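User: Please show the structure and discuss its unusual backbone features in question-and-answer form.

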Amino acid sequence: MTVLRNERTDRSWLCLMLLLLLTSVGGSVAGAEDAADAGPEFTRRGADSCLACHDETSEYPVLDIFRTPHGSRTDERAPMAGLQCETCHGPGGDHAARLRSGEERPLIPMFNDEAIHEDADGHNGVCLDCHDDQHRSDWAGSDHGFAELACVDCHQIHAAQDPMVGGFGEVEVCMTCHADVRADFMQRSSHPVREGLMACTDCHAPHGTADGSGLVAGAGTDTCYSCHAEKRGPMLWEHAPVSEDCGLCHDPHGSVNPAMLVQRPPLLCQSCHSSTGHPSLAFTGAGLPTGSPSPYLLGSSCLNCHAQVHGSNHPAGEALNR
Amino acid sequence: MRYARHYAPILTALIAALASSSTLLAAEPPDTTDWTCEFCPADTGTTASVTLGVDYLDTDGDAFTDFRGQKDGLNGRISGWLRQRYNDDGYMDLLLEDFGIGTGRMRLVHGTRGVWGMDMRYRVIPHRTGYDAMTPFTGGRNQQLPQSWAPGATTGLMSGLTAALHPVSLGTDRRRFELAFDLPLSRRWNVDASFQRDDVRGRRALGANIATTISQLAAPIDRRTDQWQLGSSWQGDGYMASINYRVSRYTDDIGAITWENPFISGFGTLQGRLASTPDNEFQMLTGDFRYDLPGRTRVSLSYGVGSGEQRTPYIPATINPGLTVAALPATSLRGDVDVTRWDLRVTSRPWRGVGLRFSHHRDDRDNRSPVDLYPEVTTDAFVGGLVANVPYDFRRERTELAAEVRLARIMRLELSASNRKNHRSMQEVLETDEDQLSASLRMQVGSRVTLLAAFDNIDRTGSDYNVIPGITDAQNPRLRKYYMADLNRTRSRFRVDVQVRDDMMLGLAADFSDDTYPDTEIGLLDASTKDLTADFTWSPGERLSVTAYAADQRIESSQAGSSAFTTADWLATDRDDVRVLGATLAYQLDGPWTLAGSFDLSRYDGRTDVSAGASTPVFPDLRSDLTRVNLSLAHRSEGSAAYRFGVLWERLETDDWALDGVSYATLPGMVALGLTSPTYDAVMVYAELDYGF
C-alpha cells in the first residue's frame, strides 16, 4: 500500500551534469600527465634480483609473500606469475642497480614509504588493477577511498597472514584510527568485539558500499537483520522506529545503558510517547525500592508491560504487550 | 525528469568527448626469459600446530562469563591450525580456536588458486543477559506455577512464592555455520555462493502482564535463520556487471508463550499468552553496473528489488475463555513488504589531488500488508472495540555532492553538501528534509605533525506535525518525537597526530556535538556529547612495544514531559560520564621469553535528575567500573614447542537503580526475576602449550 508519491530530485541531475563537465576537462589533463610520465627499466632477473637483498635478514624481508596467494607462480592472476615483484613495485632496474661509492640507492618506484602517501590513489590503482572486482567496486567513493587511504595502510601484503583477512586480527587494525570506537566497546553493553567473537567486518564494509553507508547490507535495518532476523517482520503491530532504523534507539558500538540503548528507559520511551490514557508521568527517585517501588521505573521499566517493543504478531498486541 | 530530458544530449556528448580524449600508456614488456625465480621458496607441504590450554577461574559472579564461556573452576580448551599446500596451487587451511569452553571458532579454507575456493566457518557466541535470576515458574513455552500455588493479590500475599523460587539461567548461545564457494570461471567471470545458518537458543527476561500485574518470565528462545546467496560478476575492460540473489528465512520454534497468572485476577484470568516472533522470509535481487570513463571517472549504478512475507498463523486474540471476542479478520497477517533500492554514484579524480563524488541513494519500503480491523483485547483481561493495524511505509532519499582537494601537498580540504529526505506514511510527520554541510581540513605541519579540523552542520525540518489517524490514544500535541522533530546539529572534530620520535606516535582528538530541537515543548529538548581521546604507540626496536589509549566522554540531554497531558510540567536531565584508559606492553626478554601485559580501566558515572516540583526525590548515580589486568609470559625457542603462562584479574562493579534492591516481591504488582546488576571479581590463571609439526 504505497501512499507515497514518487518525486524527482532535479538538483541531483544538475549536480551530476556539473560533475561530468568537470571530469571531461580533467580527463584530458590526467591523460596528458600520464603520457609524460616515463619510468626506469625493469630488472634483469626479476624476483631473483630483489631476493638477493630482501631475504629474512633484510630490513624489508619479503619471503613470507610466498606463503600468500600473491606468491603463487602458477595462478596466472598472481603478481608472481607475471612480472613478479615488479608487477606491483614497478620497474626496479634503478633500485637494483650497482651503486657507486656514496651514491644513495634510488627508491623502488611504487610502494616506497614516501611515494605511498604522496599518491595513495595511484598506488591503490596498482592493487585495484587485479582487485577491482564486485567487492571493491565502490572503493573510490567510499569514505576510506575518498580520504585517500592507501590499501597498505590496513593490509600487510608481505606478511604470511594479513591481519585484515580472515577476521582474526582486523579489529586491532581498525582501532588504530578509530580510537573512539575502541572506547565504546569498553562500555557496559556492547557487541562482543572486545571479546574477539565479532569483527568489524561483520557489520562494516571498509571498501565501501553502493549506498555509501559502509554497512554490509546497507543503512537502516538490513545489516542488523542479518543476525537479528526475528525483528524483520512485517509484524501485525509494528513499532515505527524499529522498521525504520535500529540506530534510532540503539548504539551498536556500545552504550552505558542496557541493550545498547541510546538512553535509559523510561526517558527513552517518553521522548516519543505521551498519550491521553498513558501520559508521560514524572518518574523520580520516589519510585525506587526505598520509596514506593514503581513498575514503570524498575526492572525493565516500560518493557515490563510493553515487552514486545520490536513489534507483535499477536492479534491483541496493539500496545506491544502481547 | 525535466532536467534529465533536457540534458540527455549533453550527457551523451560529454561521454563521447571523454572517450575520445583517453590516452593509454603502452608499456614495453620486459624480456623475462631469465626470470627463473630460483630464490623463490616453494610453498608446499604440511605444517600444523596444536595448542592445549587450561585455565582455572575463580569468580564470584556469572557476569564474567558473558561472551566468554568459561565456568568457575578448571576449564580446558584446544586451539590449532593445519596448513597444507599442494603442488598444483591447491591449499587447505584448518583453524581451530578455543574449543571446549562454550565458545569456539573453526575455519576451513580449501581450494585451488584461480580454480575454486571454499570457506567454511563455525563459531559459538555465548551471551549471558541476566544474573542471579530466580523464578517460581517452570517449563518452556508453557510457564507453569507449582500445583500448590496460592494466588495472591500482591506479591507480598503470595505465601508460596519464596519456597517456589528456583534459579534460572538467562542468556543465549548463538551457533553460526557459514559455507561459501568462489568459482572463477574465467579471468573475467566469477560465480560465488554462500549459506549461513544461525541457531539461537536460550532464555531471556520477558515481561508479561495481565491488567496491572506483571510476571517477569524466563522465556525460552529457539530461533533459526538460514541465509543463501548466489552471485555472479563479469569484469570487462572498463566496466563490471554483477548480479546477486539472496534469501533469508527465519523460523521461530516457540510460537507462543503461555503463563499461569500468579495473581488473583479481578478479570477471571487464570492464564495469559504472548506471541513469539513470527517466521519471515525475505529475498532480494540486486544488479550492479559500473563503467569507467577517462579521467579516472567511474559511474556506478546499483538497483535492487526485494520482497518479504510473513504468513505465521495467528494465535487466538485471547486465552481467556470468559471473554467474548469478535472473530479475527484473517488467519494470518498475509504480510508483504516490497523493497526497492537504487544507488547512483559518480566519482572522479580528474587531476592529481582532486576528488569529486556525486551520489544519489533511494530506499523504498512498501508495506503491502492488508489493513484490517482487529478486536481489541487488553492483556487477556477485557475487550474493547475494533482497532486497525498500521503498516508503515518508508522512503529514504539521499543526495550528496562532495569534493576533496589537496592543496600545496600538505593540506587536504574536503567539502560536502547533502540532502536527506525521509518520507513516512501514517506517522506524525510525513516528510523530513535534512540538509548537511560538512568541511574538513587536514594539514601536515612539518614532517611530524598532522592536524585535522572538521565541522558538520545539520538542519532538519519537517512537514506539519499531525495527530495520526487510526491511533486510539492521541499523543500530546506538544510532543515532538525526536527522530522526526526539527533539529539543528553542529559537530566539530579536531585531531592532532604527532610523530614524537621515529618510534613514537601520539594522537589527540576532541569531538563535540550539540543537538537542539527548537520546536519541541515535550520530548527531547537538547543533547550533547563531548569526547576526548588520546592514543599512543611506542616501538623502540623489535624487543619492546607499548600502546596506550584514553577517552573521556560526556553525554548530556534534557527532555520535558507532561503528567497532566497539557504543557510541560517536568524536566529531566541525563548526564553520563565515561572514562576509559588502557595500555598494552610486549617485551622480548633475553633468551626465548616474552613478557606481555595489558591494562584496561573503564569508569562510568550516570546521573538522572527529574525535576517535577518543589522537592523531588533524586536518583542515586548509575555506576559501572571495570578494571582488567592481564599478564603473560611466553617461551618460544627454536624447537617445536612453545608455552605460555598468564594471569588475568578482572573486576566489575555496577550500581543500577533499576535492578538494585528489586527482589522477587519488591514490587507488589510484579513477580520479578530478582535480577542484579552485574558485579564480579575474577582471577583466571592460564597455561598453554603450543606444539608445531
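The exchange below concerns cis peptide bonds and positive phi values.

Analyst: This is a predicted model, in which local features need pLDDT of at least 70, side-chain atom pairs count only at pLDDT 80 or more, and totals for chains, interfaces and linings use all residues. Residues are numbered from 1 along each chain as its sequence is written, while chains are lettered from A and ligands numbered from 1 in the order in which they are written.

User: Which residue is joined to A:Gly233 by a cis peptide bond?

Analyst: Most peptide bonds are trans. Here the bond has an omega of about 5°. The partner lies in the loop between helix H11 (222-225) and helix H12 (240-244) of chain A; helices (H or I, at least four residues) and strands (E, at least two) are DSSP runs, numbered from the N terminus. The residue is A:Pro234.

User: What is omega for the peptide bond from A:Pro265 to A:Pro266?

Analyst: A:Pro266 belongs to the loop between H12 and helix H13 (267-270) of chain A. The bond that leads to A:Pro266 from A:Pro265 is cis, and its omega is near 10°.

User: Is B:Thr379 buried or exposed?

Analyst: B:Thr379 sits in the loop between strand E19 (373-378) and strand E20 (382-388) of chain B, and its phi is positive, near 45°. A residue is buried if 20 or more other C-beta atoms, placed from the backbone, lie within 10 Å of its own, exposed if 12 or fewer, and partly exposed in between. Because B:Thr379 has 22 C-beta neighbours inside 10 Å, it counts as buried.
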